[in-house]
Amino acid sequence: MCLLRSCLAFLLAAVAAPAWATFSIAACNDAGDCGVAVATHNLAVGGVGVPWAQAKVGAVASQFETNPTYGSKGLALLAKGRAPGQVLKQLLDEDGDFDGTTIAERQVGLVSARGGNAQYTGATAQQADWAGAVGEGKVSVQGNGLAGPEVLAAMQRAFAATHGELAARLLAALQAGQAAGGQRSGQWSAALLVRTPGGDWQDTDLRVDADPRAVARLRELYDMRLSNEAIIRAEQQWERGDVATARASLATSLALAHGWDRTWARAARLAMSHGEAALAREYLAGLRALNPGWVKLELALPLYAPLRGDAVVEAWRYRTAINRSASPSSAATAVASRR
């Protein structure tokens, strides 16, 4: 009995012990975009007060034992022109032992859009081997429970080597950190948050709440966003009569869709609306590979009247079974590769 109790106690302790493991990057660019990319072994990291950002102000990553007040308060202080070091000191001084924890359990990285960065890793957080933080300019990287310092070093290199939108650079850094070993305990959620001066659709707020390949899935979600932007460009280009460029944009959109059936339906409608019946049929074939039921709905639209009587298309109306020799995603990819 004593042995059984000992085993139960050990198991309960193991379950109750927190699996501390998070790594993130906070950064701003010269355009005033500010954001955070983060991955962790916990769930729904994008919605629990870890990443915070405000255009032309700064970005904050509050992790390990997160104090969610750090984000809103930190950004408010940065907006007043306080230096990152001053902001961090005030946050720690006014911590208030949130949720029964102290600053020993905090790990924080923050940057100002005006320039500068600051980091803090509490004594308890430092015990989540490996833990550390480093900053340069408008960039701060931090993590705990990591494979080693190479994780943060890889993130810094990837961010510096990647060009383009801040969201793409942050995501590249997160992927590099994961490729360098990431967290010893694995991953379960990831998030990418970027606030831009333009706001609205120009902002990025993508989240993977529960997935053992969270960072890779976050990349796919970002690709799908790019896919949507590419098909919008294709619509505009075709409307202007730039058909060749529109076709190229469509190919880009479909290549980044990662099985998003809506993209194939939209591509088919675009081609059909401009009299490209043969091309529309190919896009419908890709849609059918992913979602055969949707093809029947599409073909019921007046837009597709010119395809009525086509032997292949007519067969799709009455047969929803797909070719079992290939997965839906691979079949759709095969169609895309011919564009």
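This short talk walks through some local features of the structure shown above. Please keep in mind throughout that this is a predicted model.

I begin with the aromatic side chains. The structure holds 1 aromatic pair. Its members are Trp264 and Tyr283, arranged edge-to-face, with 6.4 Å from centre to centre and 70 degrees between the planes. The angle earns that name because planes over 60 degrees apart count as edge-to-face. The two residues are 19 residues apart, and the pair links distant parts of the chain: Trp264 belongs to helix α9, residues 261-273, and Tyr283 to helix α10, residues 277-290. Are these two rings buried or exposed? Trp264 is buried, at a relative accessible area of 2%, and Tyr283 is buried as well, at 1%.

A further ring deserves mention. The charged end of Arg169 sits over the ring of Phe159, at 4.0 Å from the ring centre.

I turn next to Glu298, a residue of helix α11, which spans residues 292-299. With a relative accessibility of 1%, Glu298 counts as buried, because the term applies to anything under 20%. Which side chain does the side chain of Glu298 meet in a polar contact? The partner is the side chain of Tyr304, at 2.7 Å. Setting aside neighbours within four places in sequence, Glu298 is in contact with Ala265, Arg269, Leu284, Leu287 and Tyr304.

Helix α9 returns when we consider internal space. The count comes to 1 cavity of 30 Å³ or more, and the largest cavity has a volume of about 30 Å³. Its lining consists of Asn228, Ile231, Trp260, Arg262, Thr263 and Arg266. Two or more of these lining residues come from each of α7, residues 214-239, and α9. The largest share is that of α9, with 3 residues.

Finally, I come to the backbone. Where is there a cis peptide bond? One runs from Asp129 to Trp130, with omega near 0 degrees. Trp130 lies in the loop between α4, residues 123-126, and β7, residues 132-136.

Two residues have a positive phi although neither is a glycine. Ala44 has a phi of about 50 degrees and is found in the loop between β2, residues 34-40, and β3, residues 51-54. Asp200 also has a phi of about 50 degrees, and its place is in the loop between β9, residues 189-195, and β10, residues 204-208. Ala44 is partly exposed, with a relative accessible area of 22%, whereas Asp200 counts as exposed, at 69%.

Terms used: Residues numbered from 1 in each chain as written. Predicted model: local features only at pLDDT ≥ 70, side-chain atom pairs only at ≥ 80, totals over all residues. Heavy atoms only, no water. Phe/Tyr/Trp six-rings, centres within 6.5 Å; stacked < 30°, edge-to-face > 60°. Helix = DSSP H or I, 4+ residues; strand = E, 2+ residues; numbered from the N terminus. Buried < 20%, exposed > 50% of the residue type's maximum accessible area, 1.4 Å probe, protein only. Lys NZ or Arg CZ within 6 Å of the ring centre and 35° of its normal. Polar contact = N/O pair within 3.5 Å; in protein donor to acceptor, adjacent residues only side chain to side chain. Contact = heavy atoms within 4.5 Å. 1 Å grid on protein atoms, 1.4 Å probe; cavity = no way out; pocket = protein on both sides within 12 Å on 5 of 7 lines; lining within 4 Å. Points joined across faces, edges and corners; volume = space filled by probe spheres on them.
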